[in-house]
Amino acid sequence: MDSPAANAAFAKQIGVKFPLLSDMNHKMLTSYGILKNYDVEGEGYQWALRANLVIDKNGIIRHIEGGDTAVDPNTAVSVCLDLHKKQGTP
Amino acid sequence: MKRLLAVGLLFALAPAFTPVPANSQKNDEVAKLSLKVGDTAPDFTLLSDKWKTVKLSEFRGKKNVFLAVYVLAFTGG
């Protein structure tokens with residue numbers, strides 16, 4: 001299970017400046033419907049579904065995708081850019 | 001003025017290694033996104049890699065949020 005400590009090491013390795021969050025009790029994953037069950041040699045495990053979401057300033061979901069396509073962030077990024085354009089710069 | 005387009009939040013969404021009920025095998029590969037575009041994103045509070053809590057609703061009225069949910073740290077997917 002990835003802890004904040006594991007994430008901190010990962011953040012350092014890849015040099016990201018935004019927060020890496022841990023959902024160790026699966027509350028967020030469950031409420032978003034992205035907790036996935038896997039069967040490995042008869043044992044059940046729960047992992048996250050790979051997903052990208054864009055949530056606007058009002059808390060409304062503007063983009064959501066799950067599964068293999070979510071490995072590529074480009075669609076979500078273009079949604080962000082459109083959103084940014086519509087909102088304008090204050 | 002340059003400003004942040006979105007706050008990127010990556011979730012280290014860990015495998016729990018928690019045994020699940022026997023009927024879970026039927027649910028293999030059927031996890032579905034229960035949310036859709038236009039829905040209000042459920043609020044959450046999670047621990048960051050700096051051991052600080054991050055609450056989605058803190059960004060309300062301030063920033064757009066980009067959530068990238070991934071399974072394991074130190075992986076490319």
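Okay, one definition before I start: two strands pair if DSSP finds at least two bridges between them. Keep that in mind for the hairpin in chain A. And remember, what you're looking at is a predicted model, with an ipTM of 0.83 and a pTM of 0.75.

So, the hairpin. Strands β4(A) and β5(A) make it, with 5 residues between them. In the turn you'll find Gly59(A), whose phi is positive, about 85°. The two strands run antiparallel, and 5 bridges hold the pairing between β4, residues 51-55 of chain A, and β5(A). If you want a register mark, put your cursor on Ala51(A): across from it in β5(A) stands Gly66(A). As for how covered β5 is, that's residues 61-66 of chain A, and 5 of the 6 are buried.

Stay at Ala51(A) for a second, since Ala70(A) comes back to it. Those two are 19 residues apart along the chain, yet their C-alpha atoms are separated by 5.2 Å. Ala70(A) itself sits in the loop between β5 and α3 of chain A, α3 being 74-87. Is this loop residue buried or exposed? Buried, because it has 22 C-beta neighbours inside 10 Å, and the cut-off for that is 20 or more. Beyond four places in sequence, the contacts of Ala70(A) are Arg50(A), Ala51(A), Asn52(A) and Glu65(A).

Now a couple of backbone oddities, both with positive phi and neither a glycine. His26(A) has phi near 65°, and you'll see it in the loop between β1, 20-22, and α2, 27-31, of chain A. His26(A) counts as partly exposed because 17 other C-beta atoms lie within 10 Å. Then there's Glu41(A), with a phi of about 50°, in the loop between β2 (35-40) and β3 (43-48) of chain A. Glu41(A) has 4 other C-beta atoms within 10 Å, so that one is exposed.

On to the core. In soluble globular proteins, nonpolar side chains tend to be buried together. Here the largest nonpolar core has 30 residues, and the ones touching the most other members are Ile34(A), Ala48(A), Leu53(A), Val54(A) and Ile55(A). Which elements each supply at least two residues? From chain A it's α1 (4-14), β1, α2, β3, β4, β5 and α3, and from chain B it's β4, residues 64-70. The largest share, 5 residues, comes from β4(B). Val54(A) shows you the two chains meeting: leaving out neighbours within four places, its contacts include Val79(A), Cys80(A) and Leu83(A), along with Asn64(B) and Phe66(B).

Which brings me to chain B. There are 4 strands and 0 helices, and of its 77 residues 25% count as buried. Taking contacts between residues at least 6 apart in sequence, 64% join residues at least 24 apart.

Confidence is where I'd slow down. Chain B averages a pLDDT of 72, with 56% of the residues at 70 or above. Among its elements, β1 (residues 6-12) has the lowest mean, 46, and β3 (residues 53-55) the highest, 96. Residues 1-9 of chain B score below 50, and that stretch has 25 contacts beyond near neighbours in sequence. The same goes for residues 12-30 of chain B, below 50 with 41 such contacts. Where pLDDT is low, the predicted coordinates shouldn't be read in detail.

That's my tour, thanks.

Terms used
Residues are numbered from 1 along each chain as its sequence is written. Chains are lettered from A and ligands numbered from 1 in the order in which they are written. This is a predicted model: local features need pLDDT of at least 70, side-chain atom pairs count only at pLDDT 80 or more; totals for chains, interfaces and linings use all residues. A residue is buried if 20 or more other C-beta atoms lie within 10 Å of its own, exposed if 12 or fewer, and partly exposed in between; C-beta atoms are placed from the backbone. Two residues are in contact if their C-beta atoms, placed from the backbone, lie within 7 Å. pLDDT is the predictor's confidence in each residue, from 0 to 100. A nonpolar core is a set of buried Ala, Val, Leu, Ile, Met, Phe, Trp, Tyr and Cys residues joined through C-beta atoms within 7 Å.
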